[in-house]
Amino acid sequence: MNLGRPELVAKLAARVEQGGPLTFADFMEVALYDPDFGYYMSSDARIGRAGDYYTSPDVHPLFAELIGRQIAQAAEGVQDFTIMEMGAGKGLLARHLLNSYRRENPTFLSRIRYLVVERSPALASLQKQFLQSLVDEGVRITWIPHLDALPAGSLTGVILSNELVDAFAVHRVVQRPLGLREIFVGWDSQARFIEIEAPPCSPALQAYFDRIGVSLEDGQRAEVNLHALDWMRQVGAILTRGLVFTIDYGHTARDLYAPTRKAGTLLCYHRHTVSDTPYLRVGEQDMTAHVDFTSLALAGRETGLEVTGFTNQLHFLLGLGIESAFAGLDPLSPECVSLRSLLRPEGMGATYKILVQHKGMPAPELDGLRSKPYFTGALLAGVPETARLSAVAP
């Protein structure tokens with residue numbers, strides 16, 4: 001039985017033995033982001049064919065180019081424009097996006113700066129290698145490790161993330177007849193991680209469900225991403241004028257916490273194999289949970305971010321003209337297959353969602369939001385009116 005990286009397993013076991021069971025959020029945070037042994041903090045290949053999973057920029061460069069096209073449209077009339085990407089992975093999205101500007105929109109490229117927020121030194125080093133040729137050509141690209149380096153109201157432009165929020169550490173809970181219980185992680189006499197149910201570590205967990213008007217069924221498990229709410233509030237505070245693009249796999253709260261998702265959505269990825277076992281291969285596999293876009297929208301409104309639109313990747317890319325890329329392609333060619341993967345309704349096309357928010361400006365008309373399978377009403381369906389009102393910034 002492979003518990004994972006021995007040093008990391010030993011570190012987690014020692015924490016439990018010294019301080020008692022950990023919340024799953026604490027366990028996941030260490031497994032993914034421990035400075036010495038965390039999954040995302042090593043230089044091993046994580047993304048792409050040689051890694052554990054794919055992202056849309058790995059599938060085809062056109063994904064990033066169309067995102068860039070949408071950002072350029074949003075930037076019309078805005079001076080001193082910054083594109084801030086959070087959690088840039090290998091740097092593929094940035095490289096494809098900026099190269100498309102270099103080819104097709106050099107004037108826009110000359111007036112922007114690209115700011116990468118990356119907490120993993122290993123990934124930041126990889127990104128710098130991928131983007132060095134652009135830096136050598138004079139493109140303004142800089143890195144910071146944390147959002148804390150940016151004061152409130154310091155950014156005008158676009159804040160972009162692609163598959164960032166799903167990797168934030170989550171609390172795991174289960175509904176029982178006597179109320180909500182939290183799942184903690186212990187260490188038993190057989191030297192293995194075990195789950196322990198106990199009262200929630202914080203009233204914020206029950207308040208999370210009360211705010212969105214969700215009642216879990218008896219025995220239903222779910223994930224609560226309190227970190228995502230703090231992140232969205234911080235993003236909203238930093239932005240003075242512009243847009244936030246959050247691209248990730250997830251759902252509205254009503255869909256995410258539906259009774260049909262009895263076991264929650266936590267998944268682990270290792271060598272392109274999916275499992276629901278987080279207590280093996282600790283530090284050697286990715287752990288993710290689907291995003292609650294309803295709660296992100298409510299948290300954003302607390303700092304003045306209003307919902308511009310909410311759609312899925314299929315409709316977003318169609319609105320930006322991806323269909324023209326198929327012209328003249330052999331339907332069986334690898335390129336055509338890759339493009340279709342971005343749009344597949346049973347895969348990336350429908351599972352991946354795009355939440356766009358704006359602040360300090362009127363709601364812009366964006367090509368990617370022309371087709372709207374989801375509206376703000378669907379995003380906030382079931383949310384009590386008191387929660388909607390309390391989320392409106394003064």
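## A tour from strand E3 to the largest pocket

Start with E3, helix H7 (residues 121-136) and E4: together they make a right-handed β-α-β unit. Keep in mind that this is a predicted model.

**Stop 1: strand E3.** Select residues 112-117, which form E3. Colour them by burial. Five of the six residues in E3 are buried, so the strand is mostly covered (buried means under 20% relative accessible area).

**Stop 2: E3 and E4.** Add residues 141-144, strand E4. E3 and E4 run parallel and are joined by four bridges. Now pick out Tyr114, and you will find Ile141 of E4 opposite. Move to Val116, which stands opposite Trp143 in E4.

**Stop 3: E3 and E2.** Stay on Val116 and show E2 (81-86). Which residue stands opposite Val116 here? Glu85 does. E2 and E3 are also parallel, with six bridges between them.

**Stop 4: the largest pocket.** Turn on the pocket surface. The largest pocket has a volume of about 860 Å³. Its lining counts 46 residues. Select Tyr40, Gly87, Glu163, Leu164 and Ala167, the lining residues nearest the pocket centre.

**Stop 5: the lining.** E2 returns here, among the elements that give two or more residues to the lining. Others include helix H3 (56-59), helix H5 (92-104) and strand E11 (267-270). Which element gives the most? Select helix H9 (226-238): H9 leads with three residues.

**Last stop: colour by class.** The lining of the largest pocket has 23 nonpolar, 13 polar and 10 charged residues.

Note on methods:
Residues are numbered from 1 along each chain as its sequence is written. This is a predicted model: local features need pLDDT of at least 70, side-chain atom pairs count only at pLDDT 80 or more; totals for chains, interfaces and linings use all residues. Side-chain values use heavy atoms; hydrogens and water are left out. On a 1 Å grid over the protein atoms alone, a cavity is a set of points where a 1.4 Å probe fits but cannot get out, and a pocket is an open set with protein on both sides within 12 Å along at least five of seven lines; lining residues have an atom within 4 Å of a point. Grid points are joined across faces, edges and corners, and a volume is the space filled by probe spheres set on the points. Ala, Val, Leu, Ile, Met, Phe, Trp, Tyr, Cys and Pro count as nonpolar, Asp, Glu, Lys and Arg as charged, and the others, Gly among them, as polar. Two strands pair if DSSP finds at least two bridges between them. A crossover is right-handed if, with the strands pointing away from the viewer, the path from the first strand over the helix to the second runs clockwise. Buried means under 20% relative accessible area, exposed over 50%, partly exposed in between (1.4 Å probe, protein chains only).
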